[in-house]
Amino acid sequence: MTDSTVRIGITELPAAVRQFVTALDTRDTTAVAGILTPQASVTDEGRTHTGIPSITEWMAGAASEFTYTTTPVAAERTGTHQFTLTQHLEGDFPGGSVDLDYRFTLEGTLISSLVIAP
């Protein structure tokens, strides 16, 4: 945690972050269109997906590959427009469980970038 990092409650995350996580958990690709900037990017497993069509395609692909559950563990504000949500995943993927950081950057009330990494 850096000097500019502040722990916050999960419910204190911006609405777009909470909505994106819900959409990802429920595999609702339609819901993300209204909470992403047109040129938003998502980086997951070392691959970057840019633009809403590419992100929804990633969501649909990620949804069918493995079955898993997520549990929010912690949330932080890491800058004026940056937020990190740590989630614990358990499922039928290699290793069976992992803690991942979801690092969001916002432009106004919309998500412009998300990096998912251990």
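What percentage of the 118 residues of the protein chain count as buried? The figure is 41%, and I should say at once that what we are looking at is a predicted model, so every value I quote this morning has been computed from that model.

Let me start with the whole chain before going to single residues. The protein chain has two helices and seven strands, and, read from the N terminus, these elements follow one another as β-α-β-β-α-β-β-β-β. The radius of gyration is 14 Å, close to the 13 Å that the globule rule gives for 118 residues, so the chain is as compact as a globular protein of that length. Along its principal axes, the C-alpha trace spans about 40 × 30 × 25 Å. If we take the contacts with a separation of 6 or more, 42% of them are between residues 24 or more positions apart.

On the surface, about 6,400 Å² is exposed, and carbon and sulfur atoms supply 53% of that area. As for charge, the chain carries 6 positive and 14 negative side chains, and the centres of these two sets lie 5 Å apart.

Now to strand β4, which covers residues 68-77, and where I would like to discuss three residues. T70 is in this strand, and it counts as buried because its relative accessible area is 19%, under the 20% cut-off. The side chain of T70 is joined to the side chain of D25 by a polar contact of 2.9 Å. With neighbours within four places in sequence set aside, T70 is in contact with D25 once again, and also with Q87, H88 and L89.

Further along strand β4 we find E76, which is also buried, with a relative accessible area of 17%. Which side chain does the side chain of E76 meet in a polar contact? It is that of R7, at 3.4 Å. E76 can also be related to I10, for although 66 residues separate the two in sequence, their C-alpha atoms are 8.5 Å apart in space.

The third residue of strand β4 is R77, and here the relative accessibility is 34%, so R77 counts as partly exposed. A polar atom of its side chain lies 2.9 Å from the backbone oxygen of T80. Not counting residues up to four places away in sequence, R77 touches S4, T5, V6 and I8, and it touches Q82 and F83 as well. From R77 to R103 is a step of 26 residues in sequence, and the C-alpha to C-alpha distance is 9.8 Å.

R103 comes up again when we turn to D101, a residue of strand β6, residues 97-107. The side chains of D101 and R103 make a polar contact at 3.3 Å. Is D101 buried or exposed? At 19% relative accessibility, D101 counts as buried. Apart from neighbours within four places in sequence, D101 is in contact with T84, L85 and T86, and also with V115, I116, A117 and P118.

For a contrasting case, please look at Q39 in strand β2, residues 36-44. Q39 is exposed because its relative accessible area is 60%, over the 50% cut-off. Once residues up to four places away in sequence are excluded, Q39 touches T50, G51 and S112. Q39 and T56 are 17 residues apart along the chain, with 13 Å between their C-alpha atoms.

I will finish with two loop residues whose backbone angles you may wish to look at on the screen. R27, in the loop between α1 (15-26) and β2, has a positive phi of about 60 degrees although it is not a glycine, and at a relative accessible area of 28% R27 is partly exposed. E45, in the loop between β2 and β3 (47-50), likewise has a positive phi, near 50 degrees, in a residue other than glycine, and E45 counts as exposed, at 56% relative accessibility.

To gather the side-chain pairs together before we open the discussion, the polar contacts I have described include T70 with D25, E76 with R7, and D101 with R103.

Conventions: Residues numbered from 1 in each chain as written. Predicted model: local features only at pLDDT ≥ 70, side-chain atom pairs only at ≥ 80, totals over all residues. Heavy atoms only, no water. Helix = DSSP H or I, 4+ residues; strand = E, 2+ residues; numbered from the N terminus. Buried < 20%, exposed > 50% of the residue type's maximum accessible area, 1.4 Å probe, protein only. Polar contact = N/O pair within 3.5 Å; in protein donor to acceptor, adjacent residues only side chain to side chain. Contact = heavy atoms within 4.5 Å. Rg over C-alpha atoms; globule rule 2.2 N^0.38 Å. Areas by Shrake-Rupley, 256 points an atom, 1.4 Å probe, with all protein chains shown as cover. Lys, Arg positive; Asp, Glu negative; His and termini not counted. Charge placed at Lys NZ, Arg CZ, Asp CG, Glu CD.
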